[in-house]
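These are my notebook entries on a single protein model, written down in the order in which I looked things up. I begin with one residue and its surroundings and work outward from there.

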Amino acid sequence: MTMTVTNGEVHPVTANGGFTIDKPFKIFVGYDPREDIAYEVCHHSILKRSSIPVEITPIVQSDLRTNGLYWRERGQLESTEFSFTRFLTPHLANYDGWAMFVDCDFLYLADIKELRDLIDDKYAIMCVQHDYTPKEATKMDGAVQTVYPRKNWSSMVLYNCGHPKNKVLTPDVVNTQTGAFLHRFQWLEDKEIGSIPFVWNFLEGHNKVVEGDTTTFPKAIHYTRGGPWFEAWKNCEFAELWLKEKDECVKEEKK
């Protein structure tokens with residue numbers, strides 16, 4: 001399912017990636033059947049606040065397999081169905097323009113236009129460059145928690161899909177390369193990776209809001225350990241915000 005929605009007035013953009021009035025910003029969201037409600041809430045939270053046209057597409061592994069784009073066997077350390085399919089984002093965007101990938105366990109609290117306006121064409125990708133080592137041995141519904149360099153960098157990425165370096169990310173490479181090569185962005189040089197403020201990938205249980213400092217308040221909460229849709233995480237930090245969004249989402253679907 002692909003949706004194009006405009007929730008407000010569209011403004012021309014002149015200095016960040018050649019966006020045009022009639023060209024929606026492409027957003028690909030990782031999808032896992034076990035977390036369908038997380039995807040729906042993430043989707044809803046983006047659309048609700050967006051003042052620009054956006055095109056939101058779930059990355060569904062079964063569809064990719066049917067279409068011959070994904071065939072690698074699932075590894076023991078893959079906690080979701082989009083652990084590797086996320087790296088097909090440039091291919092799915094036809095290696096054209098900028099597109100965003102985001103895990104489904106995000107709740108957006110700000111206008112996606114603010115994030116899009118951070119784009120700088122000199123980079124191949126842009127992301128929040130976390131320094132993060134999880135304390136828990138498990139996450140979500142008992143999935144093994146792994147520790148590796150640049151952990152969570154790939155959970156929300158702005159891809160310059162037309163950048164020559166990103167043309168490396170063919171289906172063959174995504175299906176055969178190692179997790180280290182992909183999740184650590186080893187097809188790129190460090191200088192080709194741009195940085196985004198941490199509030200756009202605010203890790204629940206790790207990042208902190210500083211009282212009185214509005215620059216630390218999350219614009220997108222990432223329930224990376226597990227969100228309120230899992231019984232074990234129903235009382236996590238910011239659970240009430242996600243549950244409120246879920247209630248709105250369900251009510252709108254019933255209409």
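Is Asp-32 buried or exposed? I looked this up in what is a predicted model, and found that Asp-32 is buried, with a relative accessible area of 1%. Asp-32 forms a salt bridge with Arg-34, and the closest N and O atoms of that pair are 3.2 Å apart. I then checked the partner, and Arg-34 is partly exposed at a relative accessible area of 38%.

Entry on the whole chain. I noted 7 helices and 12 strands as the secondary structure of the protein. Of its 255 residues, 55% count as buried, and the protein exposes about 11600 Å², of which carbon and sulfur atoms supply 51%. Among the contacts with a separation of 6 or more, I recorded that 73% come from residues 24 or more positions apart. A search for salt bridges over the whole structure returned 16.

Entry on the salt bridge between Glu-245 and Lys-48. Here the closest N and O atoms are 3.9 Å apart. Glu-245 lies in helix H7 (residues 239-254) and Lys-48 in helix H1, so the pair ties together parts that are 197 residues apart in sequence. As for exposure, Glu-245 is buried at a relative accessible area of 3%, while Lys-48 counts as partly exposed at 39% relative accessibility. I also found that Lys-48 and Glu-245 belong to a network of salt bridges that links them with Arg-49, Lys-244 and Glu-248.

Entry on the surroundings of Glu-245. Which residues does Glu-245 touch, not counting residues up to four places away in sequence? The list I wrote down is Val-41, His-44, Ser-45, Lys-48, Arg-49 and Leu-107. With one of these, His-44, the side chain of Glu-245 makes a polar contact of 2.9 Å. I also looked up the distance to Leu-109, which is 136 residues from Glu-245 in sequence and 10.0 Å from it in space, taken from C-alpha to C-alpha.

Entry on the salt bridge between Asp-190 and Arg-150. The side chains of these two residues meet at 2.6 Å, N to O. Asp-190 lies in the loop between helix H6 (179-183) and strand E10 (193-195), and Arg-150 in the loop between strand E8 (143-144) and strand E9 (156-160), so the pair ties together parts that are 40 residues apart in sequence. Asp-190 counts as exposed at 56% relative accessibility, whereas Arg-150 is partly exposed with a relative accessible area of 22%.

Entry on E2, H1 and E3. I recorded these three elements as a right-handed β-α-β unit. Strand E2 (residues 25-30) and E3 run parallel and are joined by 6 bridges, and within this pairing Gly-30 stands opposite Ile-59 in E3. E3 itself is mostly covered, since 5 of its 6 residues are buried.

Entry on Ser-51. Where does Ser-51 sit? I placed Ser-51 in the loop between helix H1 (36-49) and strand E3 (54-59). Its relative accessible area is 19%, and Ser-51 counts as buried because the cut-off is under 20%. The side chain of Ser-51 makes a polar contact of 2.5 Å with the side chain of Asp-111.

Entry on the sheet of E5, E12 and E11. These 3 strands form an open sheet in the order E5-E12-E11, with mixed pairing. Why is one side of E5 and of E11 left without a neighbour in the sheet? Strand E5 (106-108) and strand E11 (202-203) stand at the edges with a single partner strand each, so one side of each stays unpaired. E11 pairs with strand E12 (residues 220-222) in the parallel sense over 2 bridges, and I noted Ile-221 in E12 as the bridge partner of Phe-202.

Entry on Asp-105, the last residue I looked up. Asp-105 is in the loop between strand E4 (98-102) and E5, and at 3% relative accessibility Asp-105 counts as buried. Its side chain makes a polar contact of 3.1 Å with the side chain of His-222.

Technical notes
Residues numbered from 1 in each chain as written. Predicted model: local features only at pLDDT ≥ 70, side-chain atom pairs only at ≥ 80, totals over all residues. Heavy atoms only, no water. Pairing = 2+ DSSP bridges. Helix = DSSP H or I, 4+ residues; strand = E, 2+ residues; numbered from the N terminus. Buried < 20%, exposed > 50% of the residue type's maximum accessible area, 1.4 Å probe, protein only. Polar contact = N/O pair within 3.5 Å; in protein donor to acceptor, adjacent residues only side chain to side chain. Right-handed = clockwise from strand over helix to strand, strands pointing away. Salt bridge = Lys/Arg side-chain N within 4 Å of Asp/Glu carboxyl O. Contact = heavy atoms within 4.5 Å. Areas by Shrake-Rupley, 256 points an atom, 1.4 Å probe, with all protein chains shown as cover.
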